[in-house]
Amino acid sequence: VLSPLLSPTTMFSLPSLSATVRSLNAMAAARPVAFGATSAAVKTTTADVLVQTAVEGRSLETLDARRTAVFTLFGGGWMGFGQYYLYCRLFERLVPGTTALASAGKAALDQLVHVPLLYFPLFYSIDALLQGAWARGAACGVEHVQHRLRTELKESLYANWSLWLPASFVGFRLVPPHWRIPYVSAVSMVWTTWWSVLQGRFRARNAGAASAEQL
């Protein structure tokens with residue numbers, strides 16, 4: 001028998017949920033970088049593992065661990081840590097304010113500058129590191145990144161913009177800075193899940209092309 005303190009009614013009562021939200025808000029305000037990086041890393045890892053198991057039908061023993069590691073490192077390192085300074089510091093200095101015009105300007109900076117010129121190249125650079133391309137020399141690492149950008153960027157950008165152009169505007173317009181990265185992480189659960197699906201397709205396509213070249 002559950003203690004009254006642990007009963008579902010008590011655990012999920014409105015006062016309890018309100019206290020939890022207040023605690024999370026205080027934590028996010030006190031340590032926004034750590035809070036954002038942790039939430040982003042957990043989100044990207046969870047999304048990729050779910051896609052590999054539920055969508056691609058892999059068991060936990062046959063997971064593509066390097067692919068998951070790319071999502072984890074990129075999620076915590078850039079989507080959490082790096083994007084906090086980008087969204088909450090740099091963009092606020094370049095386009096201050098939360099008016100509709102300022103929010104549209106920051107969303108345009110994010111999606112038309114940051115995403116194609118920094119976000120995707122960084123992801124593929126981490127992928128090159130974990131695939132061992134950089135260990136074979138700088139030229140191999142650069143070629144890995146360039147190849148992935150040539151073959152995947154257009155489709156990835158279209159998928160990204162369909163979600164993130166409106167979501168970025170809402171984030172810059174309505175979400176307080178210390179909640180901005182957790183907000184991005186929440187919306188990005190949808191994006192990361194879809195992008196993980198795309199990565200599975202891209203890797204299968206690349207593996208097929210490599211096999212065809214060997215014949």
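Which residues line the largest pocket? In this predicted model, local features require pLDDT of at least 70 and side-chain atom pairs count only at pLDDT 80 or more, whereas totals for chains, interfaces and linings use all residues. Residues are numbered from 1 along each chain as its sequence is written, and side-chain values use heavy atoms, with hydrogens and water left out.

The lining of the largest pocket consists of Asp127, Gln131, Ala133, Arg136, Glu143, His144, His147, Arg148, Arg203, Asn206 and Ala207. A pocket is here an open set of points on a 1 Å grid over the protein atoms alone where a 1.4 Å probe fits, with protein on both sides within 12 Å along at least five of seven lines; lining residues have an atom within 4 Å of a point. Its volume is about 270 Å³. H6 contributes the most to this lining, with 4 residues. By class, 5 lining residues are charged, 4 polar and 2 nonpolar.

The largest nonpolar core (buried Ala, Val, Leu, Ile, Met, Phe, Trp, Tyr and Cys residues joined through side-chain atoms within 4.5 Å) comprises 37 residues, and Trp191 is among those with the most contacts inside it. H4 supplies the largest share of this core, 10 residues. Outside its neighbours within four places in sequence, Trp191 is in contact (heavy atoms within 4.5 Å) with Tyr119, Phe120, Ser156, Ala159, Asn160, Leu163 and Trp164.

Asp48 is located in helix H3 (a DSSP run of H or I, at least four residues, numbered from the N terminus). Asp48 is classed as buried (under 20% relative accessible area, 1.4 Å probe, protein chains only) because its relative accessibility is 0%. Residues up to four places away in sequence aside, Asp48 touches Arg67, Thr68, Phe71 and Ser196.

How values were computed. Buried means under 20% relative accessible area, exposed over 50%, partly exposed in between (1.4 Å probe, protein chains only). Helices (H or I, at least four residues) and strands (E, at least two) are DSSP runs, numbered from the N terminus. Grid points are joined across faces, edges and corners, and a volume is the space filled by probe spheres set on the points. Ala, Val, Leu, Ile, Met, Phe, Trp, Tyr, Cys and Pro count as nonpolar, Asp, Glu, Lys and Arg as charged, and the others, Gly among them, as polar.
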